[in-house]
Amino acid sequence: MASTIKVKTKFLGDVVQVKSLMQHPMETGARKDPDNGFIIPAHHITQLIFTNNGKQVMVANFSTAVSKNPYFSFSFKGAKAGDTLIISWVDNIGEKGELETQLK
Amino acid sequence: MQVTKRAFLQAGVVLLALAVLPRKLLAAAWPQKAFSEPEMNAALVGLFGTDVTTISDKITLKVPEIAENGAVVPVTIKTSLQNVESISIVVEKNPRPMVATFEIIPGTLADISSRIKMAETSNVMAVIKTMEGIYSTSKQVKVTIGGCGG
Amino acid sequence: MITRLILTLLFVSQPVLTVSAEESKCFPPGEQNPASSPGNQKQHFEQQFSAAENLRQAAASAGAEWLKTESLLISAREEAASGNWNLAVQSTAKACQQAELALQQAQYESEAWKSRVIK
Amino acid sequence: MNKAITAGLIFLFTLAVYQPAFAGPAEDRRAFVAYFESRFPDIPFAEYANGIYAIDQDARNQWIEIEEFPPYEFAVDQGESLWQEKFADGKGYSDCFNSSKAGVRQNYPRVDGLSGEVITLDMAINLCREQHGQKSFEFGSEEILALSAYIAFESRGNVFNIIVAEDDPQALAAYEEGKRFYYSKRGQLNLSCADCHVASAGQYVRADRLSSSLGHPTHFPVYRSKFGSMLSLHQRVAGCIRDVRAKPFDLQSPEYRNLEYFLTYMSNGLEANGPGARK
């Protein structure tokens, strides 16, 4: 089973740049199913958290207005190659996704 | 002192993190109230306790002039303001204007990018909360009804 | 700014698609509803419908059927089933006209496309 | 004037103005490329592979942002794992595509020597499955889009080289059919592909700018933000057909395959750069 998260990291001097992409429908709860006309219930990531070697480096809080298959990028200092970066998301119905990667 | 208090909290978070990692998410609660407000000022109050922000030219908000597709509008926000605590994206005319808010932890740069949905042509506001205050800058993004997709 | 969004498409000159009343194989909708008896209405509708359906199929086999022709005929059937003869007849007439124009378009295009090839 | 002279004059006149409707494919392509080069003198040839983003700068900037981390990467990953699966007889896709996934995209569509039919990449994927006793995928399904996305990704940078052999009547007939389809007006709006994507390329239709046909097929399949999913070239064409208010044909119908053959031949020399990201 492929992960629901993809990540690319790059060192720029002492800063590491993290780009991430999640596979998630990000349903707003206002959209109708084109097949039957029923409202599709809201289903969206609420929090996306990045933890480097056990230290939280980013907490992103999302509403339904973040695009489908969300993209998020940020940068942080104080990391070195080989550090373990954990990316995890949780959504409004309790589903979760997680990916562990080594910085390079 | 604010800095000390923050450092103390930070240490607490790390300890907690060590205790419950790897599966548990430990962030502050998801700001449900701010995210459900249908009106921009109320959304700002929901998140910051006030809707008053100081317009700052130290914030760079990169958005397209005309969105190719309102469902996927690239947004980049960065700032040279110091002691940044959070960055938020607010779309004035969205049904629920608060789009996302990012906690900037010490060591993390105040420089983020994402892609957001816009219901119609609207001002997009980048709000930066620092230890000193709440700052913002806005830009209009036009959202058009497509023709046939090119 | 606004001018950028205004339709600026300039299409090359187009033939006007028309089928004269004498040439048309479709029943004009006005003559379709003598309302003498329910049996007559049904019979007239069925005649009109099969003329339209034949033309639609001819347009389809020429690869030229228009988007809504079939759904117009489907809704005509539904209206007929509930006894709304006027609506049934109107939908059928519209579908028939579309099919006829589509066929004319295909016929015209069988040669006309050649003049558009970039040389 | 006597009748003989009149007839003679008419004959000479006919000779002078008569031009065969059939120009060779190579000649067609030169004229096609030359048209766009004179229309958009500032756009280098290779840029046409990027579709509308060769023409529209504001849209291009947003596209570049999407390409920072394009959502089609999930489809490429899925396609890779599908590619590696073995069929019941122990064979795999690499046995059908000459052991190599690279160097595939740019050779499709091609004309099958036996049947004379245009074989597109999507069709070749299914033919491979059938040959090895597997059920074929539905055209437009997630699986076939993922596989074609992966194959396109692995073929990136290779240059399109569609062959229409001038001594192969079946290939020429398929090419001519595609060309006829391309230039024929259709639908309630009475528009041909060329009306929008040649004569009006770069112009606005409501809020959208029309792409140029040169380069149309190079980047498919694409991730369409509008749908939040992958889309094949034939699904895109079906969208156009619907937009001119004509009834669309089935995916992988002879009409669309012939059109793809013609269109891709027109784009020979451009790089395969799929999968793409579009609004």
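The axis of a helix is a line fitted to its C-alpha atoms over the stretch in contact, and the angle between two such axes runs from 0 to 180 degrees between their N-to-C directions. With that in mind, and remembering that this is a predicted model, we can begin in chain D, where helix α10 (residues 233-243) packs with α11(D) at an angle of about 105°, the two axes lying 11 Å apart. Angles from 65 to 115 degrees count as roughly perpendicular, and α10(D) and α11(D) are therefore roughly perpendicular to each other. On the side of α10(D), the residues that meet the partner helix are D:Leu233, D:His234, D:Val237, D:Ala238 and D:Ile241, while α11(D) brings D:Tyr256, D:Arg257, D:Leu259 and D:Glu260. Sorted by class, this contact of α10(D) with α11(D) has six nonpolar residues, one polar residue and two charged residues.

Helix α11(D), which spans residues 254-266, also packs with helix α8 (residues 169-183) of chain D, here at an angle of about 95° and with the axes 7 Å apart. That angle makes α8(D) roughly perpendicular to α11(D). Among the residues that make this contact are D:Ala171, D:Ala174 and D:Tyr175 of α8(D), together with D:Tyr256, D:Leu259 and D:Phe262 of α11(D). By class, the contact of α8(D) with α11(D) has 13 nonpolar, two polar and three charged residues.

We now turn from helices within one chain to the place where two chains meet. The size of an interface is often given as the accessible area lost when the parts come together. Between chain A and chain B the buried area is about 3,000 Å², and carbon and sulfur atoms give 56% of it. In chain A, the residues that lose the most area to chain B are A:Gln56, A:Asn61 and A:Tyr71, which together account for 20% of what that side buries.

What kinds of polar pairing does the rule find across the interface of chain A and chain B? There are 19 residue pairs in polar contact, with both residues at pLDDT 80 or more, whereas the rule finds zero salt bridges across this interface. Several strands of chain A take part, for β2 (15-22), β3 (45-52), β4 (55-62), β5 (71-77) and β6 (84-91) each supply at least two residues of the side that touches chain B. Of the side of chain A that touches chain B, β4(A) gives the most, with eight residues. By class, that side of chain A has 17 nonpolar, 14 polar and four charged residues.

Methods: Residues numbered from 1 in each chain as written. Chains lettered and ligands numbered in written order. Predicted model: local features only at pLDDT ≥ 70, side-chain atom pairs only at ≥ 80, totals over all residues. Heavy atoms only, no water. Helix = DSSP H or I, 4+ residues; strand = E, 2+ residues; numbered from the N terminus. Parallel < 35°, antiparallel > 145°, perpendicular 65-115°, else oblique. Contact = heavy atoms within 4.5 Å. Nonpolar A, V, L, I, M, F, W, Y, C, P; charged D, E, K, R; others polar. Buried area = accessible area lost by both parts, 1.4 Å probe. Salt bridge = Lys/Arg side-chain N within 4 Å of Asp/Glu carboxyl O. Polar contact = N/O pair within 3.5 Å; in protein donor to acceptor, adjacent residues only side chain to side chain.
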